[in-house]
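The exercises below concern the packing of helices and strands in one chain. Work through each task before reading its solution.

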Amino acid sequence: MGRLFRKTIRQCTRPGSSSKLTALDSLVEHEGSTLDNVATGVEVDTIFANRTVAAWLRTLYDVWWVACCSGLNFQDLMVRQGAIDSPPKTPFILGFECAGEVEEVGEGVEGFKVGDRVVALPEYRAWAELVLVPAQYVYHLPPGLSFLDAAALTMNYLVAYILLFELGGLSPGKSVLLHSAGGGVGQAVAQLCRTVSDVTVFGVASKTKHEALKSTIDQVLERGSDYASEVRKLCPEGVDIVLDCLCGEECNRGYSLLKAMGKYILYGSSNVVTGETKSFFSVAKSWWQVDKISPIKLFDENKSLSGFNLRHLLYQQNGAPYVKGIMDSVFALWKDGKIKPVVDSTWALEDVSTKPRDVSTKGVPEAMQKMHDRKNIGKIVLDPSLEPKPKPATPAKGKAKGDKNDDKKKDEEKKEDDKKDEEGDTPATDSAPENKEGEGSS
């Protein structure tokens, strides 16, 4: 069904196509009487009229548009492994962030029109060439902001802005300890800290990223090391803000590094993602390692604990109007030239959805594998217009077997030649002086 949907959408998005409605009509005709949840996120049984499908979609989704770029976030990895609460019923389309041009607007929707350049934060379904999403999660792009930069900017800088200014209360002279400093949110935090004077940023990252991070992070610390001791040497009283996306034992370390009036903010649990599949041991370990801190202790030590989950805020807690206001602030900073999204790499959709199975990756998609291994610096962006990378050719089984037989035959022939040389060693020795004499005279 997913393959049929992609083929249909490609037909409707190329030049000369009549409308998205035609594409969805074709989808229903080919599939029969069921519109699968791969296409729309909702399962509908016994659809008798194609026009009924279109009318139903207009009531369910406010804006339709062609996605020119989509963002890859660590949240997508957690969804893929099932390490997230309330995952959707499979099959479904991944992706929480995309940018593109509006192709159609639902009935009664105000503020959007066909041709508008927008970015959106849908709950899933963003990794597609055609995206359908409620208007409350769609934001107009400022002039000059490309779709690529919009996909790299929106979610990362939205999260970073809320962490620093809404929850952390960042002000001049403060210090920030940041985990995963090389990731998309980490780079956004580093840039936003530069918009406030005299802010010191401590960034924890893999050693291979240190050289690249020195220009944006004041003190780069090695992941997996005793970074708490290093921070204590430089800031004996501790730091003002700790931003933790790891969870587990890092919660205890982060809290211990807070100075009086300091704030610890948890906004992720990436330590849960350790292997290629969901690990109940990792989940249990991450939960067990976190100390239980009572409000009395916070009262005595003048410290604060906070948490932030953008997905819950947007889709479960009616936070869309609040997020819209934050996005306006982020776009204003971009227009003033104070922030610029950092793009690690761009990939075709096929490079994320498929990959040849081999021993090293065990079939994990290539772009996701890069983020899984924490090798990206900045944002990984998906571009449907890109051609997929060529896959390495694998020899056929029959051919491989034939190659083995050829090698065996060559070995046998070599042994026979060696045996003949051994038999001919004696006459060659007797005639050697004559040959030498001849060589000398010539």
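**Exercise 1.** Which residues in α6 meet which residues in α7?

Solution. The model is predicted; local features need pLDDT of at least 70 and side-chain atom pairs count only at pLDDT 80 or more, while totals for chains, interfaces and linings use all residues. Residues are numbered from 1 along each chain as its sequence is written, and side-chain values use heavy atoms, with hydrogens and water left out.

Step 1. Take contact as heavy atoms within 4.5 Å, and helices (H or I, at least four residues) and strands (E, at least two) as DSSP runs numbered from the N terminus.

Step 2. On the α6 side the list is N156, Y157, V159, A160, Y161, L164 and F165. Their counterparts in α7 are G184, V185, Q187, A188, V189, Q191, L192 and C193.

**Exercise 2.** At roughly how many degrees do the axes of α6 and α7 cross?

Solution. Step 1. Axes are lines fitted to C-alpha atoms, for helices over the stretch in contact, and angles run from 0 to 180 degrees between N-to-C directions.

Step 2. The axes of α6 (residues 147-167) and α7 (residues 184-193) come within 8 Å and cross at roughly 55 degrees. α6 is therefore oblique to α7; angles under 35 degrees count as roughly parallel, over 145 as roughly antiparallel, 65 to 115 as roughly perpendicular and the rest as oblique.

**Exercise 3.** Give the strand order of the open sheet and place α6 on the sheet.

Solution. Step 1. Two strands pair if DSSP finds at least two bridges between them. The order of the six strands is β8-β7-β6-β9-β10-β11, with parallel pairing.

Step 2. β8 and β11 (304-307) are the edge strands, each pairing on one side only. Neighbouring strands are turned by 15 degrees against each other on average, direction ignored.

Step 3. α6 packs on this sheet and touches β6, β9, β10 (258-266) and β11; its direction makes about 150 degrees with that of β10.

Step 4. Five bridges join β6 and β7 in the parallel sense. T200 in β7 is the bridge partner of S175.

**Exercise 4.** Which residues of α9 are buried, and what do they pack against?

Solution. Step 1. Buried means under 20% relative accessible area (1.4 Å probe, protein chains only). In α9 (residues 227-234), Y227, A228 and V231 are buried.

Step 2. These residues lie on the same side of α9 because they cover an arc of only 105 degrees around the axis, taken from the directions from the helix axis to the C-beta atoms.

Step 3. Their packing partners are β6 (175-179), β7 (200-205), β8 (219-222), β9 (239-244) and α10 (249-256). α9 runs at about 155 degrees to β8.

Conventions:
Buried means under 20% relative accessible area, exposed over 50%, partly exposed in between (1.4 Å probe, protein chains only).
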